[in-house]
Amino acid sequence: MNEKRVRITAIRTVIHSDLIAIYENPIEHTCSIREGDSWISQNGERPEGLCKEAWKTMQEYVKALAEGKGNFFDGWMVNPYSAMLSCNDGFRPVSFYIETID
């Protein structure tokens, strides 16, 4: 089967400063993903440099798109071969747009 490439783009980053102040222990390194950052997944694999935790959220969708599947949740997206997903960081969530590019 000829698998498709999937582009993963960070569309929006959010910082919940109020939640951080109340619930988070001080940490040295936080998420380094910025809006506009982009990666290409080959054969449904995690691209080098993409956060492993963010990958856990999107991997089944990226793999499905790479296999030519789409139309998640019965027409949820304008482009049926795409999805909008967010990582699981409750303090600094990043929204990712994933799309088949060939």
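**Exercise 1. Is Cys51 buried, partly exposed or exposed, and what is its relative accessible area?**

*Solution.* Keep in mind as you work that this is a predicted model. Start with the value: Cys51 has a relative accessible area of 31%. Next, compare that with the cut-offs: buried means under 20% and exposed means over 50%. Cys51 is therefore partly exposed, as its 31% lies in between.

**Exercise 2. Find out how many disulfides the structure holds, and check Cys51 and Cys87.**

*Solution.* The count for the structure is 0 disulfides. Let us check this at two cysteines. For Cys51, the nearest cysteine sulfur belongs to Cys31 and is 6.1 Å away. For Cys87, the nearest cysteine sulfur is again that of Cys31, at 6.3 Å. A disulfide needs two cysteine sulfur atoms within 2.5 Å, so Cys51 is in no disulfide, and neither is Cys87. One more detail to add to the picture: Cys87 is buried, with a relative accessible area of 15%.

**Exercise 3. Describe the aromatic pairs that Tyr61 forms with Phe72 and Phe73.**

*Solution.* Begin with the overview: the whole structure has 4 aromatic pairs.

- Step 1: Tyr61 and Phe72 sit 5.0 Å apart, centre to centre, with 80° between the planes. Planes over 60 degrees apart count as edge-to-face, so this pair is edge-to-face.
- Step 2: Place the two residues on the chain. Tyr61 is in helix H2 (residues 52-66), while Phe72 is in the loop between H2 and strand S3 (82-86). The pair links distant parts of the chain, 11 residues apart.
- Step 3: Turn to Tyr61 and Phe73, whose centres are 6.4 Å apart with 45° between the planes, a tilted pair. Because Tyr61 lies in H2 and Phe73 in the loop between H2 and S3, this pair ties together parts 12 residues apart in sequence.
- Step 4: Look at accessibility. Tyr61 counts as buried at 14%, and Phe72 is buried too, whereas Phe73 counts as exposed at 57%.
- Step 5: Put the rings together. Tyr61, Phe72, Phe73 and Trp76 form one aromatic cluster.

**Exercise 4. Work out the order of the strands in the sheet, and say which strands are at its edges.**

*Solution.* The sheet is open and is formed by 4 strands in the order S2-S1-S4-S3, with antiparallel pairing. Reading that order from end to end, the edge strands are S2 (38-41) and S3, each of which pairs on one side only. From one strand to the next, the twist averages 25°.

Now zoom in on one edge. S3 pairs with strand S4 (residues 94-100) in the antiparallel sense, over 5 bridges. Across from Glu99 in S4 stands Ser82. Finally, add the helix: H2 lies across strand S1 (6-13), S2, S3 and S4, and runs at about 15° to S4.

**Exercise 5. Trace the largest nonpolar core: which residues touch the most other members, and which element supplies the largest share?**

*Solution.* Here is a helpful background point: in soluble globular proteins, nonpolar side chains tend to be buried together. The largest nonpolar core in this model has 21 residues, and those touching the most other members are Ile8, Leu50, Met58, Val62, Phe96 and Ile98. As for the elements, S1, H2, S3 and S4 each supply at least two residues of the core. The largest share comes from H2, with 8 residues.

To finish, follow one member. Leaving aside neighbours within four places in sequence, Met58 is in contact with Ile8, Leu50, Leu85, Phe96 and Ile98.

How values were computed:
Residues are numbered from 1 along each chain as its sequence is written. This is a predicted model: local features need pLDDT of at least 70, side-chain atom pairs count only at pLDDT 80 or more; totals for chains, interfaces and linings use all residues. Side-chain values use heavy atoms; hydrogens and water are left out. Buried means under 20% relative accessible area, exposed over 50%, partly exposed in between (1.4 Å probe, protein chains only). Rings of Phe, Tyr and Trp (its six-membered ring) pair if their centres lie within 6.5 Å; planes under 30 degrees apart count as stacked, over 60 as edge-to-face and the rest as tilted. Two strands pair if DSSP finds at least two bridges between them. Axes are lines fitted to C-alpha atoms, for helices over the stretch in contact, and angles run from 0 to 180 degrees between N-to-C directions. Contact means heavy atoms within 4.5 Å. A nonpolar core is a set of buried Ala, Val, Leu, Ile, Met, Phe, Trp, Tyr and Cys residues joined through side-chain atoms within 4.5 Å.
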